[in-house]
Amino acid sequence: LVRGGLVTAQRGPNGGFQLNRNPSDLTVWEIVDVLEPVPRITACPLGLKSHSGQLCPLHRSLDHTYALVEAQFRGMTVSQLLAQPGTVSPLCEESPIIPLTGLLQSAVSAGPACDQGNC
């Protein structure tokens, strides 16, 4: 996403990722296209000479399906995707934040037990 120019990254304790554009201006297609472009079928993927110049019904149907996915994602912004009702958010998961100091204190207290292969 950084290389695609959609987000900027900042390292460090206050670091993270930030969208370069407003979510209401960024389409789902733009993200998909940067991450994993949807391939369109313009020639026989099997390289069959008898299919040169035209697609067989299977590949024509697959390409039509890819075109529908592309049209759906081009017409949907990130804001619209996130605003859809549901019990879960796309690609999001909440996880508890565990303070690092607590983990370090536990490891230091355990000390020698780690030397005995118990860690």
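# A quick tour of helix 2 and its charged partners

Let's start with helix 2, which runs over residues 57-74: its 18 residues reach 25 Å from the first C-alpha to the last, close to the 26 Å expected at 1.5 Å a residue. Keep in mind that this is a predicted model. Helix 2 is worth a look for its buried residues, His59, Asp63 and Glu70, and two of these, Asp63 and Glu70, turn up again in a network of salt bridges.

**The chain as a whole**

- There are five helices and two strands in the chain.
- Walk along the sequence and you meet them in the pattern β-β-α-α-α-α-α.
- Of the 119 residues in the chain, 14% are buried.
- Take the contacts between residues at least 6 apart in sequence: 47% of these join residues at least 24 apart.
- About 9700 Å² of the chain is exposed, and carbon and sulfur atoms supply 58% of that area.

**The two sides of helix 2**

- Which residues of helix 2 are buried? They are His59, Asp63 and Glu70.
- These buried residues cover an arc of only 35° around the axis, so they sit on the same side of helix 2.
- What do the buried residues of helix 2 pack against? Their partner is helix 1, residues 28-35.
- Turn to the face pointing away from the buried side and you find the exposed residues Pro57, Leu58, Leu68 and Ala71.

**Arginine 40 and its two acidic partners**

- Searching the whole structure turns up four salt bridges.
- In one of them, the side chains of arginine 40 and aspartate 63 meet at 2.7 Å, N to O.
- Arginine 40 lies in the loop between helix 1 and helix 2 while aspartate 63 is in helix 2, so this pair ties together parts that are 23 residues apart in sequence.
- Is aspartate 63 buried or exposed? Aspartate 63 is buried, at 13% relative accessible area, whereas arginine 40 is partly exposed, at 40%.
- Arginine 40 also meets glutamate 70 in a salt bridge, this one at 3.6 Å, N to O.
- That second pair links distant parts of the chain, with arginine 40 in the loop between helix 1 and helix 2 and glutamate 70 in helix 2, 30 residues apart.

**Glutamate 70 and the network**

- Glutamate 70 belongs to helix 2 and is buried, with a relative accessible area of 15%.
- Setting aside neighbours within four places in sequence, glutamate 70 is in contact with Trp29 and Arg40.
- Glutamate 70 also forms a salt bridge with the side chain of arginine 74, at 2.8 Å, N to O.
- Both of these residues lie in helix 2, four residues apart, which is about one turn of the helix.
- Arginine 74 counts as partly exposed, at 47% relative accessibility.
- Put the shared partners together and the salt bridges join Arg40, Asp63, Glu70 and Arg74 into one network.

**Cysteines without a bond**

- How many disulfides does the count give? The count comes to zero.
- Why is cysteine 44 not bonded to cysteine 56? The sulfur of cysteine 44 is 6.2 Å from that of cysteine 56, its closest cysteine sulfur, and that is too far for a bond.
- For cysteine 56, the closest cysteine sulfur is likewise the one in cysteine 44.
- Cysteine 44 counts as buried at 13% relative accessibility, and cysteine 56 counts as buried at 17%.

Terms used
Residues numbered from 1 in each chain as written. Predicted model: local features only at pLDDT ≥ 70, side-chain atom pairs only at ≥ 80, totals over all residues. Heavy atoms only, no water. Expected span 1.5 Å × (residues − 1). Buried < 20%, exposed > 50% of the residue type's maximum accessible area, 1.4 Å probe, protein only. Arc of directions from axis to C-beta. Contact = heavy atoms within 4.5 Å. Disulfide = S-S within 2.5 Å. Areas by Shrake-Rupley, 256 points an atom, 1.4 Å probe, with all protein chains shown as cover.
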